[in-house]
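Where does a folded chain leave enclosed empty space, and which residues surround it? The report below takes up that topic.

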Amino acid sequence: ANQLAVFVENQQPSSRWYSGSGIYREVRLLITDSVHLDLYGIKIESPKLMEQRDGWVETQLESKVSNDGTQSVSVYLEQSIWYDGQQLSDWQGTDSVMIESGEKHHFKQAISIFQPFLWDIDHPHIYQLKTRLYKNGMLVDEEEEAFGYRYMDWQADKGFFLNGRWLKIHGVCLHHDYGSLGAVENRSAAERRLRQMKEMGVNAIRITHNPASSILLDVAAKMGLLIQEEAFDTWYRGKKTYDYGRFFDQDATHPEAKKGEKWSDFDLRTMVERDKNNPSIIMWSLGNEVDEADGGKRSLETAKRLKAVIKAIDTERYVTMGENKFSRASTGLFLELAAIMDAVGMNYGERFYDAVRKAHPDWLI
């Protein structure tokens with residue numbers, strides 16, 4: 001038998017909060033045919049939902065397929081949209097294409113659904129896209145991806161709108177661990193905690209200060225909570241001896257990393273690819289109170305680079321950062337960095353809201 005052993009070296013201090021130790025989120029061994037759907041390779045969008053919501057809504061699908069085999073193969077997909085166990089669209093097939101050995105292909109097609117239920121915080125309607133992949137006529141891969149129909153708009157002078165309805169965001173920050181239960185991810189604990197949040201009047205969660213667990217995001221989508229998902233607590237400077245700052249600007253050595261990617265590019269891209277179809281997520285955060293925001297040219301270049309990584313995958317959601325420098329920085333590079341964001345995050349800044357609002361009336365805050 002083959003044995004795969006994974007060891008975790010927990011060097012301290014590695015985090016500014018209790019992070020637990022070991023492998024405390026789900027681990028899956030993914031076994032596929034040499035011709036397969038890419039991990040997080042399916043993108044589901046309905047860009048005309050606002051105009052089309054009362055009629056046929058066009059659901060645009062992009063699916064990435066890899067041929068890791070030694071021969072070129074003929075490949076096609078079938079896709080269908082489901083809701084609550086019911087099939088809403090016929091299996092719709094793409095044309096067959098030849099994919100050479102070692103190559104990828106991006107399949108694109110659209111499926112229209114009549115008057116879909118919109119995902120909202122009070123009615124979190126979740127749909128499923130089912131995909132079947134055929135190689136030389138044989139079924140070799142299947143996938144089911146959850147998604148929702150919802151659109152948003154955020155205006156500096158009027159506020160945030162979900163599906164055309166004005167909504168005041170009442171949010172909290174949540175760290176990964178479960179207090180005395182420890183750090184291991186636990187679906188029932190996630191459900192209990194998010195239910196408590198909803199009962200408290202919370203409608204939004206800021207994931208702090210690293211990507212969320214897939215279980216938490218699944219629960220949030222089903223319960224109707226808005227999410228700001230955050231990638232980093234530090235950039236290249238580091239806040240603790242052994243934190244992520246050690247890797248931020250290092251070249252990524254992951255086999256799926258693209259040429260020239262740093263670990264920060266790769267990890268951010270992976271987060272956005274993984275979660276891009278989740279209707280809960282309304283914002284991506286590039287960091288929390290990072291010291292680099294005071295810096296010079298390098299910090300501005302970093303902010304632009306990270307934002308571009310997200311926008312290459314997802315142009316709909318807002319890019320932000322949580323920052324606590326408004327109290328001591330009314331001018332300078334820090335404000336240039338804030339201006340790069342789609343939305344400006346102010347931590348501990350209540351007494352500066354009015355001044356920042358007056359100085360920057362066009363900012364989303």
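What follows describes the overall fold and then the internal cavities.

This is a predicted model, in which local features need pLDDT of at least 70 and side-chain atom pairs count only at pLDDT 80 or more, while totals for chains, interfaces and linings use all residues. Residues are numbered from 1 along each chain as its sequence is written, and side-chain values use heavy atoms, with hydrogens and water left out.

The protein holds seven helices and 18 strands, taken as DSSP runs (H or I, at least four residues, for helices; E, at least two, for strands) numbered from the N terminus. Of its 365 residues, 49% count as buried, that is, under 20% relative accessible area with a 1.4 Å probe and protein chains only.

A cavity is a set of points on a 1 Å grid over the protein atoms alone where a 1.4 Å probe fits but cannot get out, and lining residues have an atom within 4 Å of a point; a volume is the space filled by probe spheres set on the points, which are joined across faces, edges and corners. By this rule there are two cavities of 30 Å³ or more.

| Cavity | Volume | Lining residues by class |
|---|---|---|
| Largest | about 90 Å³ | six nonpolar, five polar, three charged |
| Second largest | about 60 Å³ | eight nonpolar, one polar, one charged |

In these classes, Ala, Val, Leu, Ile, Met, Phe, Trp, Tyr, Cys and Pro count as nonpolar, Asp, Glu, Lys and Arg as charged, and the others, Gly among them, as polar.

Around the second largest cavity, strand S17 (318-323) and helix H6 (333-340) each supply at least two lining residues, and H6 gives the largest share, three residues. The lining includes Met321, Phe334 and Gly345.

Note on methods
On a 1 Å grid over the protein atoms alone, a cavity is a set of points where a 1.4 Å probe fits but cannot get out, and a pocket is an open set with protein on both sides within 12 Å along at least five of seven lines; lining residues have an atom within 4 Å of a point. Buried means under 20% relative accessible area, exposed over 50%, partly exposed in between (1.4 Å probe, protein chains only).
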